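Open the model in your viewer and keep the selection tool ready. This tour goes from one stop to the next.

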Amino acid sequence: MGRLWDKWTGTNYPAGDVRPLPTMELREALLALNARNVPFSVREAFPREKADLVAECKIPKVKLTLKTRMRLAPAKREVLVLEERWEPSHESGGQQYGRGGFTVYRQWEFRRGADGRRRKVETFRFDTRDVRDPLRTMVLNAGWTWRGVLFRY
């Protein structure tokens with residue numbers, strides 16, 4: 001059940017030949033992602049968030065908020081990750097809460113092409129993996145395990 005559970009939670013393990021970085025170096029490396037061209041910011045977590053670091057991303061165009069809470073577990077060399085998503089609900093008109101997974105948000109419009117015919121053109125695209133992938137890559141390259149959690153954090 002271990003491998004199936006890992007697949008379901010999105011757990012990834014580092015390559016066997018990678019020497020694990022110390023906890024503080026991993027923390028600094030994750031915070032250094034702010035200096036790169038990424039669609040999110042990494043910050044120290046507030047006490048009520050029950051995490052060590054939080055990556056936050058807001059996409060106003062689709063009224064989407066993504067939050068990735070990360071708790072560092074130095075004894076096991078794991079980063080416990082809880083991915084949360086708030087997006088508009090089509091049924092109630094309020095906010096809808098979700099965890100994990102990935103979604104691609106797209107917006108389209110019709111435009112006239114060079115031949116004068118109307119064509120459907122993608123005007124906006126955002127993939128939630130654009131937030132997860134840089135964080136996960138940094139953790140795995142540091143020799144730590146990226147462990148998704150579903151029920152408790």
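How many aromatic pairs does the structure hold? Two. Keep in mind that this is a predicted model.

**Stop 1: an aromatic pair.** Select Trp 86 and Tyr 97. Their rings form a tilted aromatic pair. The centres are 5.4 Å apart, and the planes make an angle of 55 degrees. That angle is neither under 30 nor over 60 degrees, so the pair counts as tilted.

Now colour by secondary structure. Trp 86 belongs to strand E4, residues 78–88. Tyr 97 belongs to strand E5, residues 95–99. The two residues are eleven apart, and the pair links distant parts of the chain.

Switch on the surface. Are these two rings' residues buried or exposed? Neither: Trp 86 is partly exposed, at 26% relative accessible area, and Tyr 97 is partly exposed too, at 39%. Both values fall between the 20% and 50% cut-offs, which is why neither residue counts as buried or exposed.

**Stop 2: arginines over rings.** Select Phe 110 and Arg 118. Arg 118 lies over the ring face, 4.5 Å from the ring centre. Next, select Phe 102 and Arg 129. Here Arg 129 lies over the face of Phe 102, at 3.8 Å from the ring centre.

**Stop 3: an aspartate in a helix.** Select Asp 6. Its place is in helix H1, residues 2–9. Why does Asp 6 count as buried? Its relative accessibility is 14%, and the cut-off is under 20%.

Which residues does Asp 6 touch, beyond those up to four places away in sequence? Show Thr 11, Tyr 13 and Arg 147.

Definitions and conventions
Residues are numbered from 1 along each chain as its sequence is written. This is a predicted model: local features need pLDDT of at least 70, side-chain atom pairs count only at pLDDT 80 or more; totals for chains, interfaces and linings use all residues. Side-chain values use heavy atoms; hydrogens and water are left out. Rings of Phe, Tyr and Trp (its six-membered ring) pair if their centres lie within 6.5 Å; planes under 30 degrees apart count as stacked, over 60 as edge-to-face and the rest as tilted. Helices (H or I, at least four residues) and strands (E, at least two) are DSSP runs, numbered from the N terminus. Buried means under 20% relative accessible area, exposed over 50%, partly exposed in between (1.4 Å probe, protein chains only). A charge sits over a ring if NZ of Lys or CZ of Arg is within 6 Å of the ring centre and within 35 degrees of the ring normal. Contact means heavy atoms within 4.5 Å.
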